[in-house]
Amino acid sequence: ASSFARMFVQVCLYFYSKCLWRCLKFVVRKLTGQCELQRICYNTKPGAARTMKIEASLKGSKSKRLQTSVNVHPDAIEKTIDDIMELKRINPDVNPQLGVSLQACLLQIVGYRNLIAEVEKLRREPYDSENPQHEEMLLKLWKCLKPNSPLKARISKQWCEIGFQGDDPKTDFRGMGLLGLYNLVYFAEWHTEIAQQVLTDSLHPKYSQLSKAEWEKKKFDKAIGYSFAIVGINITDLAYNLLVSGALKTHFYNVAPEAPTLTHFQQTFCYLMHEFHKFWIDEDPLDIMEFNRVREKFYKQILRQLQNPEMALCPHFAASESLINM
């Protein structure tokens with residue numbers, strides 16, 4: 001009986017999506033004189049809410065041309081907008097703002113897809129100690145985090161001071177490839193003071209920026225730290241999963257007025273790294289073995305935040321002067 005009920009519900013949903021919904025859209029268009037794309041653009045403010053509705057509308061269209069419009073090359077977007085207007089019989093002279101709105105949405109949609117490809121390429125590229133550029137980035141990471149402590153040798157126990165596991169950091173990049181290094185260097189270079197503070201706190205949590213009174217309450221706690229670089233690579237994995245699952249669309253469509261870029265992704269990593277550090281201290285784990293539990297709890301918290309269509313994890317990004325000057 002239960003399997004029959006499920007089958008009946010699935011049939012009803014299929015009938016609704018394929019037949020009734022299309023009929024409803026046809027009736028609404030006749031009553032309003034506007035197609036679904038027009039209604040979305042005119043009645044929804046710019047940002048994730050609008051772009052995600054436009055994306056769903058194009059993907060769910062019965063027209064193959066509209067379905068494939070979300071996969072075009074960025075250079076073909078203007079031509080694609082013209083095709084959409086023609087297909088929907090919309091006069092661009094009468095509706096000039098519609099083309100502008102659709103173009104902004106398509107730039108975000110296509111840009112997100114391209115960003116996934118760019119991030120995936122970095123993730124799949126292994127760290128190569130024979131590559132001078134890779135080595136230069138690794139040494140830059142050290143200089144940014146430990147400017148007053150020269151690295152005595154390329155293979156050195158000193159790497160443990162910034163949270164790597166052994167004498168040679170290259171082995172720690174296996175999971176996330178160059179993406180992990182790119183993110184750590186970006187954090188250390190563009191948010192140096194915060195990165196250095198997080199590093200210091202991760203080594204000596206009891207000296208973090210909690211007040212003396214707060215630490216009096218915690219003086220019998222273990223004040224467990226963590227390995228900065230290893231956690232950075234782990235948070236890179238978390239950011240990567242948010243990206244490929246589509247969860248970050250909410251954030252990127254709200255902070256990137258056009259196509260989201262690798263810099264947007266790296267800035268998001270910086271935010272996640274800083275927030276995880278605060279989350280770790282608030283959770284006050286008994287030992288490092290609780291890392292996976294704390295990470296999973298943090299991940300679910302971020303997912304909940306991203307369910308809000310108006311959510312922007314780091315809204316200051318768009319106004320960041322350092323990034324504008326890049």
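The following exercises, with worked solutions, concern a predicted model of a protein chain.

**Exercise 1. Secondary structure and burial**

Task: Determine how many helices and strands the protein chain has, and what share of its residues is buried.

Solution: The assignment yields 15 helices and 0 strands for the protein chain. Of its 326 residues, 44% are buried. Turning to contacts with a separation of 6 or more, residues 24 or more positions apart account for 66% of them in the protein chain.

**Exercise 2. Cysteines and disulfides**

Task: Establish how many disulfides the model contains, and state whether C35 and C314 are paired or unpaired.

Solution: The criterion is a pair of cysteine sulfur atoms within 2.5 Å. Under this criterion the count is 0 disulfides. For C35, the nearest cysteine sulfur belongs to C41 and lies 8.4 Å away, and C35 is in no disulfide. C35 counts as buried because its relative accessibility is 1%, where the cut-off for buried is under 20%. For C314, the nearest cysteine sulfur is that of C270, 8.4 Å away, and C314 is likewise in no disulfide. The relative accessibility of C314 is 1%, so C314 counts as buried.

**Exercise 3. The exposed surface**

Task: Find what area the protein chain exposes, and identify which residues make a nonpolar surface patch.

Solution: The exposed area of the protein chain is about 18,100 Å². Carbon and sulfur atoms supply 55% of this area. A nonpolar patch of about 340 Å² on the surface is made by F4, F8 and V9. Of these patch residues, F8 is placed in helix α1, which covers residues 2–32.

Conventions. Residues numbered from 1 in each chain as written. Predicted model: local features only at pLDDT ≥ 70, side-chain atom pairs only at ≥ 80, totals over all residues. Heavy atoms only, no water. Buried < 20%, exposed > 50% of the residue type's maximum accessible area, 1.4 Å probe, protein only. Patch = residues over 30% accessible without salt bridge, like charges linked within 9 Å, V, L, I, M, F, W, Y side chains within 5 Å. Areas by Shrake-Rupley, 256 points an atom, 1.4 Å probe, with all protein chains shown as cover. Salt bridge = Lys/Arg side-chain N within 4 Å of Asp/Glu carboxyl O. Helix = DSSP H or I, 4+ residues; strand = E, 2+ residues; numbered from the N terminus. Contact = heavy atoms within 4.5 Å.
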